[in-house]
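Here's a quick tour for someone meeting this structure for the first time. Have a look, then read on.

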Amino acid sequence: MRGFAGRGRARRSGIRRAARTLTPRVGRQRKPVTDADVAIVGFGIIGAVLARCLADRGAAVVVLDAGSPMTSRAGSHLRNLPISPADPGYLNDLVSVHLRRATVGSAPTSAMAAARTTNLLGGMGVLWNCVVPRLVTQERWPGIADGEWDRLHRRAEDLLRVAPSPTGQRQSSVISALGGAEPAPIAFDGLQWTGPAEIAPDVEVVPHRAVRKLIRRGDRVIAAETVDIATSKPHTVTADNFVIAAGGLRTPALLWTSGIGRGLPVGHYLTDHPLSYAQVMLDDFPAGDPDPVAIVPMSDDHPFHGVLLTDSHGSPLLEGIDERRVLSLYWYTATEQRRDNRLVFTEAPTDLFGLPRPTFEYTFTAHDEAKRADTLAAVTAAGKQIGAFVPTGKPRRLTAGNSMHVMGTTRIGTDGIDSVTDGYGLVWGMENLYLGGTGLIPTATATNPTLAAAAIAVRTAEHLG
Ligand SMILES: Cc1cc2nc3c(=O)[nH]c(=O)nc-3n(C[C@H](O)[C@H](O)[C@H](O)COP(=O)(O)OP(=O)(O)OC[C@H]3O[C@@H](n4cnc5c(N)ncnc54)[C@H](O)[C@@H]3O)c2cc1C
């Protein structure tokens, strides 16, 4: 652990206890924030994990998020809205409408045309499906020992309030029909789905606050230039340490626009989970039957990660079909990691937050193409074991980016040639600038990435404090 040794004011005092009670705040920010041990950019799942862990360790933390709050409790999962369980179609529509096209000008066939960002406070963490399996051993970055991965995963599971998905009639029939399927670990405590606000309920969050540029002096970030996107007022935020957890696309964009990490592979090693998809019809079920959520974990015999749930936001259904009887099958696979797969930034155009929008240079190798074909065959076989395909849900490969799992763009590693940060998320060559998010995952994986990113964030917080 590095602790705070050698870090200015923090060196003298260690992490200070927050001077006031910190509660999530919604509305227009009043004064510039100038007195934090750690300023965190982004209140998605990963920003919330970092904020919670650092606040628990006594740090004065401020979180800046450019997004707009959708709920009275800023950053709560939209599934916790009372209307959501009553009307799953409404939730599907909400998710679709809030996923905005990330890129401009890329050829849809060769690039990641389906990649999305959201402009909501809480990021994808207010929209996600909450399926949180651990990485299997062969997917884990070997720079962290297996025992430590287990400990970090456990802590991340506590913070995300993970439990096995409840058993109901549909869940049981899916699991008995499909060999290898098991209840999914989900971020749901039985009452509330986990979004950022559920992870870090007592942390100060400044909404509508877009960080446009990090100001650097030597190997330290000394301030962040921010704009209140509701009023267009600029503010400068200072802190002893900065953590950027702005998502797999916007974190590298902020580094790029700040001129930080120019010699590092920022935005390179772009990785996604190629995805094959199908939908099958389930039998009728009793009232109150909990929605099924199952996984088929990756293994030597099954080099894919399968997720099965009743969520059809990716695929409009025919009128009259009950969404809760439609099981979506998502089959992910791992690709080869290549430096040439990358995000390309230019000064313009910018997104709503004022960051450069990327274009994607992203292609599949022959090896990747073979695995994509295998994935389609695997999801087809799995669907047939469960039931009949819905007419609009025949097995198919989805466009790159559809997984919503952008990885590798700010990867951890052992040197500044092949990675952007060290194993603790500290940017190479910088003393007080840390990163968080799925962009840090450097290995070939097929498993949903958010728990692993949260585990790495726990490690970062422990290192910082
Ligand atoms: C529909 C859907 C379902 C999913 N289901 C799963 C699943 O079941 N399991 C799984 O593991 N993953 C799932 N994912 C992916 C998962 O949601 C993401 O991996 C995870 O939420 C990423 O968290 P994050 O905090 O790194 O980034 P984000 O969620 O992107 O959050 C980044 C935050 O930073 C803020 N921000 C960005 N730029 C700035 C700036 N310049 N200044 C200030 N703030 C800024 C944003 O407003 C946002 O709140 C799903 C995603 C979607 C869309």
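What follows covers one helix, the ligand's surroundings and a sheet.

This is a predicted model, where local features need pLDDT of at least 70, side-chain atom pairs count only at pLDDT 80 or more, and totals for chains, interfaces and linings use all residues. Residues are numbered from 1 along each chain as its sequence is written.

Let's begin with helix α9, residues 366-386 (helices are DSSP runs of H or I with at least four residues, strands are runs of E with at least two, numbered from the N terminus). α9 has 21 residues. Its buried residues include K371, L376 and I386 (buried means 20 or more other C-beta atoms within 10 Å of the residue's own, exposed means 12 or fewer, with C-beta atoms placed from the backbone). Those buried residues fall within an arc of 165 degrees seen down the axis, so they line one face of the helix (the arc is that of the directions from the helix axis to the C-beta atoms). Over on the other side, A366, A370, A373 and A381 are exposed.

Now for the ligand. Four helices and strands each supply at least two residues of its shell:

| Element | Residues |
|---|---|
| α2 | 45-56 |
| β9 | 209-217 |
| α8 | 247-258 |
| α10 | 450-464 |

Finally, there's an open sheet of 5 strands, ordered β8-β2-β1-β12-β20 with parallel pairing (strands pair if DSSP finds at least two bridges between them). Its edge strands are β8 and β20, each pairing on one side only. β12 and β20 pair over 3 bridges, and V243 has Y434 in β20 as its bridge partner.

Technical notes. The expected span of a helix is 1.5 Å times one less than its number of residues.
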